[in-house]
Amino acid sequence: MSGIERRQAQAGWAFVTPALAVIGAFFFVPALLGLLLSLTDFDIYAIGALENARFIGLRNYARIVADPAFWNAVRNTLVLVVVGGPLSVALSLVAALLVNDRLTRWKTLFRTVYFVPVVTTLVAVAITWRYLYHPRYGLLNHGLGLLGIPPIDWLGDPHWALPAIILLSVWKNFGYNMLIFIAGLQTIPEELYEAAELDGAGPWRRFLAVTVPMLAPTTLFVAIMTMVGFFQVFAEPYVMTQGGPLGATTTVVMFMYEEGFKWWRLGVASAVSFLLFALMLVATLVQTRLTRERR
Amino acid sequence: MSRRALHALALHAVLIAFAALTLAPLLWMVSASFMRPGEAASLPPPLLPKAPTLEHYVALFTRLDVTRHLWNSAIVAVLTTLFSVTLNGMAGYAFAKLPFPGRDRVFALLLIGLFIPLQVGMLPLFLMFKQLGLVNTYWGVIVPSMAGIFGLFMVRQYALAIPNDLLDAARLDGAGELAIFRTVVLPVIAPILVTLGAFAFLSAWNDFMWPLIVLSDERLYTLPVALAGLSGEHVLDIELMMAGSVITTLPVIVVFLILQRAYIQGVMAGSVKG
């Protein structure tokens, strides 16, 4: 190693050490400790004195898997992922196509407007939507009433509470995916569309034959990011429904939060977080596999 | 009218309707915040305040001490941003341009971390912070976000484009690596640092779950945590809650509008790496 190389290597380590120390100490180490924690009966007594925690093997996992409340949270979370995910991706794609259209004027203005919900504070807009969803005074039911649709008890009816949360999430997040789709659309060479047009393909045919396949990698990326987001929903039910009515909006993260910070069963809560992690990994693999097979 | 003009007209009608729907909840939030107590809960639901009043803002800033929470949020968000830009900036550059032994292996390990959800570490982190005395302090909120894999990665991708000749020329002039970073590299990577700063500020300001966990003293609550608490006590005070929501979300919207070019470019560049 020459002097210059050695100096660069030293500088390199010096430059990365602070960031690596933070990421290591406050992200990787806790994640590993979490695995250990999930194998103990860590509870409120152990917070007072660590020696009260005992190693209990996989008993937390066995307990969770036997708990109907956990499966209810899993079911709710999967509904968010399976219904909210595709809905969000589809709406984002439509918005991107509209904004990116050759005939569209004031592109940046529309892009910015659609993006604004993304940067708003989730807690603030969740509180706002709670009032918009009010069965009697809410603007949403009022608007639907003008179309002749009878009032819906959005957050009070177990059948509607989850769709209500999906609607809010889709509104909040579609602008982010829209931007990524616009970036993807802009990488598609114009010649492909011209060639398809020469072959006599109409707009719909061009969309299916050019846009969809060329956008496939972007779509996979967006779908996975959206899915990961829906797996981690917490603030919306926390603020809007406290997980109710009748547990209809309790998500896995909310279940974990309550086990950990309401009942102080940190061992159990930690096991829940690893089951969530496993669920997310499996879902990501399935999603990737499905996309590959279709091609 | 030609077919093309008709098409353009329909397109813009849809775009504008879409935009109106997107903005409606936020506009209603602002409008309701100026209504008199109870006015929002009347039929038919009013769109605009009959006699606009500032009383809810006055109540929030005097009786409910929202200034304190604004201040808490500002401290947390500004410090997080400064640390994030400095730490991720230096590390991202080093991963791109300063060869050191073990660099690729460390980087691969970091990428694995992108797949681990934050929640997995939250409970142990809480216990660690309790031991360290960081629970219920500003630092407890700030420290975990001082550096992050995503931000580091963003800077690295950008810094890869710095020409080596530029760095070598500075080295031949006898400049040290820190001096090179300050005088040669910083001006080149400034745009991505602005983007990173915007990301860091917005996510620190909007963050809810971790501040909720780590802060127990009401006086230290950031705005979103304080607002969630307030909404439990004041469910029926719609107009007051909307004023609180405006105060919470207005600062981030303003920051976004100022930095929107950098922010939007950052999101769009994020897709290319995927």
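Colleague: What makes chain B a confident part of this predicted model?
Modeller: The pLDDT, which is the predictor's confidence in each residue from 0 to 100, has a mean of 92 over chain B, and 98% of its residues reach 70 or more. This is a predicted model in which local features need pLDDT of at least 70 and side-chain atom pairs count only at pLDDT 80 or more, while totals for chains, interfaces and linings use all residues. Residues are numbered from 1 along each chain as its sequence is written, and chains are lettered from A in the order in which they are written.

Colleague: How do you know which residues of chain B are in contact with chain A?
Modeller: Two residues are in contact if their C-beta atoms, placed from the backbone, lie within 7 Å, and by that criterion 75 residues of chain B are in contact with 73 residues of chain A. On the chain B side, 13 residues, the largest share, come from helix α1 (residues 3-33), a helix being a DSSP run of H or I with at least four residues.

Colleague: Why is L246(A) called exposed?
Modeller: A residue is buried if 20 or more other C-beta atoms lie within 10 Å of its own, exposed if 12 or fewer, and partly exposed in between; L246(A) has 11, and is therefore exposed.

Colleague: Why does W264(A) count as partly exposed?
Modeller: W264(A) has 15 C-beta neighbours inside 10 Å, so it counts as partly exposed. Its phi is near 55 degrees, a positive value in a residue other than glycine.

Note on methods: Helix = DSSP H or I, 4+ residues; strand = E, 2+ residues; numbered from the N terminus.
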